[in-house]
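Okay, thanks for making the time, everyone. Let me put the sequence and the structure up, and then we'll walk through the fold together.

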Amino acid sequence: MTEIVTYSSSETYALVTINNGKANTISHKVIAELHNSLDKAQKEHKVVILTGTDGIFSGGYDLSIMKKSPKDAIDLVTEGSKLSLRMLQFPLPIIIACSGHAIAKGAFLLLSADYRIGTNGPFKIGLNEVLIGMKMHDAGIAIANARLSEVYLNRSVSNAEIFLPQEAIVAGFLDTIVSQEELLTTAFKTAKMFSTLNLKAHAETKLKVRKPHLTAIENAIISDAKKSITLNV
């Protein structure tokens, strides 16, 4: 049976790979396995590289769960938001090697990492919640507000605009793009560079820079948990 999240470590980094079907969807099990992987990386004191499979980083939450009921939807979204919050305050650097499409929660994971390397190609990156009839949840707005400019915040959250990798850099979803062949080697080199930082100073400074946003996200998660989500799909 294929593991939906795999973990392997080298001298300077831990490579975490999501491998959950054609769309690489985010389910409760995937979230739990990602938390387990972060636990291991933190214990080993390793820079984290998070990636997906060829052509897709993640297509977002598992819609079979999201469509069960409004409560099932908000439960999954709340757990996903807690994962993003943990990533944003994780004491070690998190690099995402975005292997293709990154939609909805896949794009929110990009917004939750310290450095994002995209793949050059006809890949879609963005937040499609409004497009599928879902009013954006409070934590989603707070996470987007932490990483996107005001112009792209509105284009992404309110208008559900989807971007190709080059424009996704301008919007704030990615930091750089490389060819598919260079993706992991670039991520490995970036991890090596991050490992030369004073990681204690990195962790403390990251928390100082993000403190207002982390507080906003925490409050938004509490707010979301009292609501429900309906998808018109």
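So, to kick off: which residues in the largest nonpolar core touch the most other members? Quick reminder before I answer that this is a predicted model. The ones to look for are Phe-57, Ile-96, Leu-110 and Phe-173, in a core of 61 residues. Helix 3, residues 70-88, supplies the largest share of that core, with 8 residues. There's also a second, separate core of 12 residues, and among its members are Tyr-13, Ala-97, Ile-117 and Ala-187.

Let me zoom in on Ile-96 for a second. If you ignore neighbours within four places in sequence, Ile-96 is in contact with Leu-50, Phe-57, Met-87, Leu-109, Leu-110, Ala-113, Tyr-115, Arg-116 and Ile-117. Two names there you've just heard as top members of the largest core, Phe-57 and Leu-110.

Okay, stepping back to the whole chain. We've got 9 helices and 10 strands. The C-alpha trace spans about 45 × 40 × 35 Å along its principal axes. What about the radius of gyration? For 233 residues you'd expect a compact globule to come out near 17 Å, and the protein has 16 Å, so the two agree. On burial, 52% of the 233 residues count as buried. And if you take the contacts between residues at least 6 apart in sequence, 74% of them join residues at least 24 apart.

Now the helices, and I'll start with helix 1, residues 28-44. With 17 residues at 1.5 Å a residue it should span 24 Å, and its end C-alpha atoms are indeed 24 Å apart, so that agrees. Which of its residues are buried? That would be Val-30, Ile-31, Leu-34, Ser-37, Leu-38 and Ala-41. Look down the axis and those fall within an arc of 120°, so they line one face of helix 1. That's the usual helix arithmetic: there are 3.6 residues a turn, so residues three or four places apart point the same way. What does that buried set pack against? Strand 1 (5-9), strand 2, strand 3, helix 3 and strand 5. Flip to the face turned away from the buried side and you find Lys-29 and Lys-43, both exposed. And just after helix 1, keep an eye on His-45, which takes a positive phi of about 60°.

Helix 8, residues 183-195, can be read in a similar way. Its 13 residues should span 18 Å at 1.5 Å a residue, and the end C-alpha atoms sit 18 Å apart, so again that agrees. Here the buried residues are Leu-183, Ala-187, Thr-190, Ala-191 and Phe-194. They cover an arc of only 105° around the axis, which puts them on the same side of helix 8. The face turned away from that side carries Lys-189 and Lys-192, which are exposed. As for partners, the buried residues of helix 8 pack against strand 2 (13-18), strand 3 (47-51), strand 5 (94-97), strand 7 (115-119), strand 10 (176-178) and helix 9 (199-225).

Back to helix 3 for one residue, Ser-81. Is Ser-81 buried or exposed? Buried, because its relative accessible area is 2%, and the cut-off for buried is under 20%. Leaving out residues up to four places away in sequence, Ser-81 touches Tyr-61, Lys-105, His-137, Ala-139 and Ile-221.

Compare Thr-215, over in helix 9. Thr-215 counts as partly exposed, at 36% relative accessibility. Thr-215 and Ala-142 are 73 residues apart in sequence, and their C-alpha atoms are 9.5 Å apart in space.

Last stop, the sheet. Four strands, in the order 4-6-8-9, make an open sheet with mixed pairing. Strand 4 (55-58) and strand 9 (162-163) stand at the edges with a single partner strand each, so one side of each has no neighbour in the sheet. Let's go across it. Strand 4 runs parallel to strand 6, residues 100-103, joined by 3 bridges, and Ser-58 stands opposite Ala-102. Strand 6 then pairs with strand 8 in the parallel sense over 2 bridges, with Ala-102 opposite Ile-125. Finally, strand 8, residues 125-126, pairs with strand 9 in the antiparallel sense, over 2 bridges, and there Ile-125 stands opposite Phe-163.

Okay, that's my tour. Over to you.

Technical notes:
Residues numbered from 1 in each chain as written. Predicted model: local features only at pLDDT ≥ 70, side-chain atom pairs only at ≥ 80, totals over all residues. Heavy atoms only, no water. Core = buried A, V, L, I, M, F, W, Y, C linked by side-chain atoms within 4.5 Å. Buried < 20%, exposed > 50% of the residue type's maximum accessible area, 1.4 Å probe, protein only. Contact = heavy atoms within 4.5 Å. Expected span 1.5 Å × (residues − 1). Arc of directions from axis to C-beta. Pairing = 2+ DSSP bridges. Rg over C-alpha atoms; globule rule 2.2 N^0.38 Å.
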